[in-house]
Amino acid sequence: MTTPIETLEFQSEARQLLQLMIHSIYSNKDTFLRELVSNASDALDKLRLESYRDKDLVADTADLHITIESDPAERTLTVRDNGIGMTRDDVVGLIGTIAKSGTADFLAKLKEAQDAAASQDLIGQFGVGFYASFMVADKVTLVTRHAGSAEGVRWESEGEGTYTIEPVEDAPQGTAVTLHLKPEDAEDALYDYTSPAKIREIVKKYSDFITWPIRMTADAAPAAEGEEPAEPAVETVNSMKALWARSSSEVSETEYGEFYKHVSHDWQDPLETIRLQAEGTFEYQALLFLPSHAPMDLFLRERKRGVQLYVKRVFIMDDCESLVPEYLRFVKGVVDAQDLSLNVSREILQQDRQIQLIRRRLVKKVLSTVKSMMSSDAEKYATFWREFGRAVKEGLLDDFENREAILEISSFPSTHDAEKPTSLREYVERMKEGQEHVYYMTGDSRSAVENSPHMEAFAAKGYEVLVLTDPIDEMWVDAVPGFDGKQFQSIAKGQVDLDSDEDKKATEVAREQQQKDFEGLLSWMGTSLGEDVKEVRLSSRLTTSPACIVGDTHDLTPTLEKMYRAMGQELPPIKRILELNPEHALVTGLREAHAARPEDAGLAETAELLYGMALLAEGGELGDPARFIKLLANRLEKTL
């Protein structure tokens, strides 16, 4: 009985990505082989791990390896492994669609990219894996059988939009990917990938460290006259020596770069390589990398994180979350522990004391590496912080042990320099004599903060203010008390006192008189605006604006209040404080008018407008925009 061949369509994003590969502008097409070998290596890792966990699995694990076969006459190249294999659903799910997060964003950004270099960077950010085959092949055939299954699957496509899939009775365990190669074209960097010498060159360059043997048929020696040609021998092309087990003096930067690309599926070199080795009560080796750019799924909930975990060179799991905290989720690499069980589970890892100790060492090593980078390579540090600073600041909320270390490596925009961020250490060194607080303000953008009324007195007196515009900044500033003995102080909360003791003494009498002069206005406005504000008082932070809105010292900011409400948390209404500038003509005019005409209903409308203006000046939302517009229009009409 013949089994019908099904023809299915690629998911739309997959179809677009295939076209990108077919018409690739990526110059280094050799990397397709690295991707296929990496996939084969993963399949072997998974089979060995599954055989440890499932003793009833019917699978041959006696000689796990990767084989590369070429046929110059047919112009085909086959990469074969005897690993875990795939079921029909696996094939459709993994190859017929792109399950990776952020695919649509990737394609949208690619369309926006104006030049080849930008497009190449985006391809690198995405990591195209299996699809890279279509850079060099006009048809790809895949035959696979999942370990323990009786029936295999054959998949084939020319990359145009559809693929065929059918069951196969006699497929060996594992996966074989056969590329029907395009004609050689040196000008387009499309080399002869059936050449054994070229294949060896690529394997040695990109995949020498793979822990499984990569085998090829050796070049046969010419037979003597009258003799039968000898059966060609099979040779192992790669050294199989784990990079983390080799002395650092033996490993080149290029090898580190290729290993990073293998574990991260990135197409760019890492920003920094970190090695760590521990001996004694428990032993482990770690080889970690800081990427040079943030992945597109860095802030997506369904992203994967963690480093690869090995036990005595045996692969255990791909994304060991227990080894790196959430805020360092971008760190890639390998940890090889000597004393863990081979069949350890994720649940056990979360409680394992050795894993917790390794994690503590890894975190401290990463943070100290970034700190060294700050002083030794400012440009590299600036790249790191631009790409990963938002994620690192999340650690200020929950990693109490390393909070000081995170603050030390953090940098923030400030009013000191519009272009260059500042570290907290630099801020403290520049503080004015007698200054006790690190001043900051949160906001949606730098311009919103710089133009805020709250900034006026600080700008006039030359005080530096940190400009915090990341959403995470709203949360950590309330959780972290200070840095180096200096308390953090929001310039939009509580009372602000920038005067020296001498200035206070000199102006004490005048300020007391001013308070008396405005007492009637403040009391009346407090009652008139009682539904919106908890207090009306005179301001020491305003120089040019008539009024501003401030919070009490421990109040939530409006932005944080919105965030909590958006997450479904019920909060009681939070009233804030209206501060008036006693030197502003509008405020003094209102005081005089109220003293002369306390029953004038129009004055209450003026107070309402003044409050609305202060609310808008800080980027807030009016409770009743229509009423505000109506009052404003009436006032403008009377001026004509």
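How many bridges join E17 to strand E18, residues 466-468? I start there because the answer leads into one part of the sheet, and before giving it I should say that what we are looking at is a predicted model. The answer is that 3 bridges join the two strands, and that E17 and E18 run parallel. One of the pairings can be named, since Tyr440 has Leu466 of E18 as its bridge partner.

Strand E17 itself covers residues 437-442, and 5 of its 6 residues are buried, so that the strand can be described as mostly covered. E17 also pairs with E20, again in the parallel sense, and here over 4 bridges. In that pairing His437 stands opposite Gln487 of E20.

For contrast in direction, let me turn to strand E15, residues 411-414, and strand E16, residues 417-423, which pair in the antiparallel sense over 3 bridges. A hairpin of 2 residues joins E15 to E16, and Ser414 has Asp417 in E16 as its bridge partner.

Let me move now from strands to a helix. Helix H9 takes in residues 353-376, which is 24 residues, and at 1.5 Å a residue it should span 34 Å; the C-alpha atoms at its ends are 35 Å apart, which agrees with that expectation. Its buried residues are Ile355, Ile358, Leu362, Val363, Val366, Leu367, Thr369, Val370 and Met373. As a general point, an α-helix has 3.6 residues a turn, so residues three or four places apart point the same way.

That brings me to the nonpolar cores. The largest of them has 72 residues, and the members that touch the most other members are Leu290, Leu309, Leu323, Phe330, Phe384, Trp476 and Phe488. Helix H9 gives this core its largest share, namely 8 residues. If we take Phe330 as an example and leave aside its neighbours within four places in sequence, we find this residue in contact with Phe289, Leu290, Pro291, Leu298, Phe384, Phe388, Ala391 and Val392. There is also a second, separate core of 65 residues, which includes Leu64, Leu142, Tyr260 and Tyr310.

Tyr260 is worth following further, this time through its ring. The count of aromatic pairs in the model comes to 17. In one of them Tyr260 and Phe289 are tilted with respect to each other, with 5.4 Å from centre to centre and 55 degrees between the planes. This pair links distant parts of the chain, because Tyr260 belongs to helix H7, residues 253-264, while Phe289 belongs to strand E11, residues 284-290, and the two are 29 residues apart. Both Tyr260 and Phe289 are buried, and together with Trp244, Phe259 and Tyr310 they form one aromatic cluster.

Rings also meet charges here. Arg390 lies over the face of Phe299, at 4.2 Å from the ring centre, and the charged end of Lys198 sits over the ring of Tyr191, 4.4 Å from its centre.

Lys198 belongs to helix H6, residues 196-206, where the buried residues are Lys198, Ile199, Arg200, Ile202, Val203 and Tyr206. Those buried residues pack against several elements, including helix H2, strand E2, strand E3 and H7.

Which strand, then, holds Leu179? Leu179 lies in strand E7, residues 174-181, and it counts as buried because its relative accessibility is 0%. Leu179 and Lys198 are 19 residues apart in sequence, and their C-alpha atoms are 16 Å apart in space. Leaving out residues up to four places away in sequence, the residues that Leu179 touches include Phe32, Leu36, Arg75, Leu77, Val136 and Val140.

I will finish with two backbone details. Most residues other than glycine have a negative phi, and most peptide bonds are trans. His265, however, has a positive phi near 60 degrees; this residue lies in the loop between H7 and strand E10, and because its relative accessibility is 31%, His265 counts as partly exposed. Asp484 likewise has a positive phi, of about 55 degrees, although it is not a glycine. Asp484 is found in the loop between strand E19 and strand E20, and with a relative accessibility of 42% this residue, too, counts as partly exposed.

Methods: Residues numbered from 1 in each chain as written. Predicted model: local features only at pLDDT ≥ 70, side-chain atom pairs only at ≥ 80, totals over all residues. Heavy atoms only, no water. Phe/Tyr/Trp six-rings, centres within 6.5 Å; stacked < 30°, edge-to-face > 60°. Buried < 20%, exposed > 50% of the residue type's maximum accessible area, 1.4 Å probe, protein only. Lys NZ or Arg CZ within 6 Å of the ring centre and 35° of its normal. Pairing = 2+ DSSP bridges. Expected span 1.5 Å × (residues − 1). Core = buried A, V, L, I, M, F, W, Y, C linked by side-chain atoms within 4.5 Å. Contact = heavy atoms within 4.5 Å.
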